[in-house]
Amino acid sequence: MAGKLIPYETELDVREFRERWIDFTPSGVSWLQNVLPGEVSDAGRKLSPLEQVEQIFHDYIIGRLMQYGVDRKRLVPDRDFVWEFKTPDVRVFGWLPRERHFIVVDGGMRRDLKPYAKYPPYIQKVVTVRDGLDLDAPKYLEGIRANEIC
Amino acid sequence: MKSVSLKIDKRRRTYTRLIGEIHHALNQALTEENEDRQLTKAKMAEILGCDRGTITKLLSGTRNMRLETLADLAYALDRPVEVSLPSRRRGTNASPPNASDANRPVDIAGAKKIEAKAA
């Protein structure tokens, strides 16, 4: 597991610039490659779950404001500093090792995660994966308040 | 360099980018109007004669939106809507200064491309 982070690439238009980075752990790649493409929105939304995730990753990378509570949220317990990226149908779990950098560990459909009681295994998975990675300390960014850009 | 991406065909991506632009513009506008004159989702709902939850769903992308609805939200924000289709070929500089991997905050290792294609 040590050192195994895979960078995520997005298509940038000629007028767009990379401002942030996203990396995936092997478990995150497995979800992205094997699970997400088969998911469908059960609410008749215009964008598929995959398209929603592609769009929010693109928005993050080009430096758009990720609104707290809408696009991203820090999960309870706060002490773990685990974050989720949110789309209408999908939740993406990971953490911020540095500013402008998000590492994805896993994802799931919002409908499968309600009620909130189903979140803890995902939170623990992020913590476990993070603890097992050979990253320089500190391994995660603390102290990001709700409305700070990350 | 090993990397992962989500591939969506260009025609479809044009649509998803449009949705993203609208979502971003609306939320950015509300953030600014809130800072300037304390406009809230509740107030927007009052202006449009709907409930706050509807505004929340529209701004978050949870609910699909028609052009007329976009116009209503712009009205509630007291903002005009501008549409632009800039040329990718006219008036652009060569090689935009994308941040290089040398600026990556965390070192990574690896090298082969993995793609997950849209269903």
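A:Arg64 and A:Asp59 are both buried, where buried means under 20% relative accessible area, exposed means over 50%, and partly exposed lies in between (1.4 Å probe, protein chains only). The two residues form a salt bridge, with their closest N and O atoms 2.9 Å apart; the term stands for a side-chain nitrogen of Lys or Arg within 4 Å of a carboxyl oxygen of Asp or Glu. For A:Arg64 the relative accessible area is 11%. A second partner of A:Arg64 is B:Glu21, and here the closest N and O atoms are 2.6 Å apart. That pair crosses between chains, running from helix H1 of chain B, which holds B:Glu21, to the loop between H2 and strand E3 (72–74) of chain A, which holds A:Arg64. B:Glu21 counts as partly exposed because its relative accessibility is 40%.

A word on the ground rules: this is a predicted model, in which local features need pLDDT of at least 70 and side-chain atom pairs count only at pLDDT 80 or more, while totals for chains, interfaces and linings use all residues. Residues are numbered from 1 along each chain as its sequence is written, chains are lettered from A and ligands numbered from 1 in the order in which they are written, and side-chain values use heavy atoms, leaving out hydrogens and water.

B:Glu21 also leads us to the largest pocket, since B:Glu21 is among the lining residues nearest its centre, along with B:Arg17, B:Leu18, B:Ser84 and B:Pro86. Helix H2 (49–61) of chain A, together with helix H1 (10–37) and H4 of chain B, are the elements that give two or more residues to this lining. H1(B) gives the most, with 12 residues, and the whole lining comes to 34 residues. The volume of the pocket is about 1300 Å³. On a 1 Å grid over the protein atoms alone, a pocket is an open set of points where a 1.4 Å probe fits, with protein on both sides within 12 Å along at least five of seven lines; lining residues have an atom within 4 Å of a point. Points are joined across faces, edges and corners, and the volume is the space filled by probe spheres set on them.

Let's return to chain A and its strands. Helices (H or I, at least four residues) and strands (E, at least two) are DSSP runs, numbered from the N terminus, and two strands pair if DSSP finds at least two bridges between them. Strand E5 (residues 90–98) of chain A has 8 of its 9 residues buried, so it is largely enclosed by the rest of the structure. Strand E4 (residues 83–86) of chain A runs antiparallel to E5(A), joined by 4 bridges, and the two form a hairpin with 3 residues between them. On the other pairing, 7 bridges join E5(A) to the antiparallel strand E6 (residues 101–109) of chain A. This hairpin has 2 residues between its strands, and A:Arg100 in the turn has a positive phi of about 65°. A:Gly94 in E5(A) stands opposite A:Trp83 and has A:Val104 as its bridge partner in E6(A).

The loop between E4 and E5 of chain A holds A:Asp89, which is linked to A:Arg45 in the loop between helix H1 (26–35) and H2 of chain A, 44 residues apart. Their salt bridge brings the closest N and O atoms to 2.3 Å apart. Both ends count as buried, A:Asp89 at 5% relative accessibility and A:Arg45 at 16%.
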